[in-house]
Amino acid sequence: MDRKSTSGTCHLLGSSLISWNSKKQACVALSTTEAEYKAAGHACAQSIWLKHQLMDSGVKLEKVPLYCDNTSAINLTKNPIQHSKTKHSEIRHHFIRDHIQKGDIEIKFVKTENQLADLFSKPLARDRFNKLRTELGILDMKNVC
C-alpha cells in the first residue's frame, strides 16, 4: 500500500541456511532496479560480516557469491560510472561496488524462479513456496514423525 519494497536475503554456508532477513525498505524506490540494488547492498553487508565471523573462527573464504535476479541491478554493481539511472541512489548504496572490486563478493545472476530469498519477501503460490522451502532445507513439520 505504501509502495515500499520488501527486501529478503538468505545466507547459506554450504547447503545450510545460517541467516535470513526480511525488511521493508525505508523509502520508496524509483525503480525495481533501485530496489534490487539496495537489497543487494544489504545482502553484501551481511555477507561481509558473516565472512569476518567465519575468518575469526579459522574458516577462510575467497569470493562470496551473491545471487541476484535483476540483471540491471547486477550491471549497476559492475559499472563504476555514474549515469542517469543511478544519480538518485545514495552513496551508501554503492557499498557493494567496492566489495566486488576488492574481490570480497562475486555477484551472480539467478533466475527469478530459483531466487531463494523470495520465500522471505513475497507471497508465493503453494508449489513455489514448498520448492523454495525444500531447497533451503526447511522441514514441513506436519510430515515429520
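Q: What covers the buried residues of H3?
A: The cover includes H1, strand S3 (64-68), helix H2 (71-78) and S4, judged by contacts, meaning heavy atoms within 4.5 Å. The residues being covered are Ile-96, Arg-97, His-99 and Ile-100. Buried means under 20% relative accessible area, exposed over 50% and partly exposed in between, with a 1.4 Å probe and protein chains only. This is a predicted model: local features need pLDDT of at least 70 and side-chain atom pairs count only at pLDDT 80 or more, while totals for chains, interfaces and linings use all residues. Residues are numbered from 1 along each chain as its sequence is written, and side-chain values use heavy atoms, leaving out hydrogens and water.

Q: How many helices and strands are there in the protein?
A: There are four helices and four strands, and their order from the N terminus is β-β-α-β-α-α-β-α. They are DSSP runs numbered from that end, with helices (H or I) of at least four residues and strands (E) of at least two.

Q: Why are H1 and H3 called oblique to each other?
A: Let's start with the numbers: H1 packs against helix H3 (residues 95-102) at an angle of about 55 degrees, and the axes are 8 Å apart. Each axis is a line fitted to C-alpha atoms over the stretch in contact, with angles from 0 to 180 degrees between N-to-C directions. Under 35 degrees would be roughly parallel, over 145 roughly antiparallel and 65 to 115 roughly perpendicular, with the rest oblique. The angle of about 55 degrees is in none of the three named ranges, so H1 and H3 are oblique.

Q: Which residues of H1 meet H3?
A: On the H1 side they are Tyr-37, Ala-40, Gly-41, Cys-44, Ala-45 and Ile-48. Their partners in H3 are Phe-95, Ile-96, Arg-97 and His-99. Helpfully, residues three or four places apart point the same way, because an α-helix has 3.6 residues a turn.

Q: How do you know that the length of H1 agrees with what is expected?
A: The expected span is 1.5 Å times one less than the number of residues. For the 25 residues of H1 that gives 36 Å, and the end C-alpha atoms are 36 Å apart, so the two agree.

Q: What follows H1, and with what phi?
A: Gly-58 follows H1, with a positive phi near 90 degrees. Just after H3, Gly-103 takes a positive phi of about 90 degrees too.

Q: Why is Ser-47 called buried?
A: Ser-47 has a relative accessible area of 7%, so it counts as buried under the 20% cut-off. This residue is in helix H1 (residues 32-56) and touches His-11, Val-64 and Ile-105, leaving out residues up to four places away in sequence.

Q: What makes Ala-45 partly exposed?
A: Its relative accessibility is 34%, and therefore Ala-45 falls between the buried and exposed limits. Ala-45, also in helix H1, has its C-alpha 9.9 Å from that of Ile-105, which is 60 residues away in sequence.

Q: How many aromatic pairs does the ring rule give?
A: The count comes to one. Trp-20 and Phe-120 form that pair, with ring centres 4.7 Å apart and 10 degrees between the planes. The pair joins distant parts of the chain, 100 residues apart: Trp-20 is in strand S2 (residues 16-24), and Phe-120 is in the loop between strand S4 (105-109) and helix H4 (126-135).

Q: Why is this pair called stacked?
A: Phe, Tyr and Trp rings (for Trp, the six-membered one) pair if their centres lie within 6.5 Å; planes under 30 degrees apart are stacked, over 60 edge-to-face and the rest tilted. The 4.7 Å and 10 degrees satisfy both limits, so the pair is stacked.

Q: Are Trp-20 and Phe-120 buried or exposed?
A: Trp-20 is exposed, because its 52% relative accessible area is over the limit. Phe-120 counts as buried, because its value is 15%.

Q: Why does Thr-9 count as buried?
A: Thr-9 has 5% relative accessibility, so it counts as buried. Thr-9 lies in strand S1 (residues 6-13), and its contacts beyond four places in sequence include Trp-20, Ala-43, Ala-117 and Phe-120. Thr-9 and Trp-20 are 5.4 Å apart, C-alpha to C-alpha, with their positions 11 residues apart in sequence.
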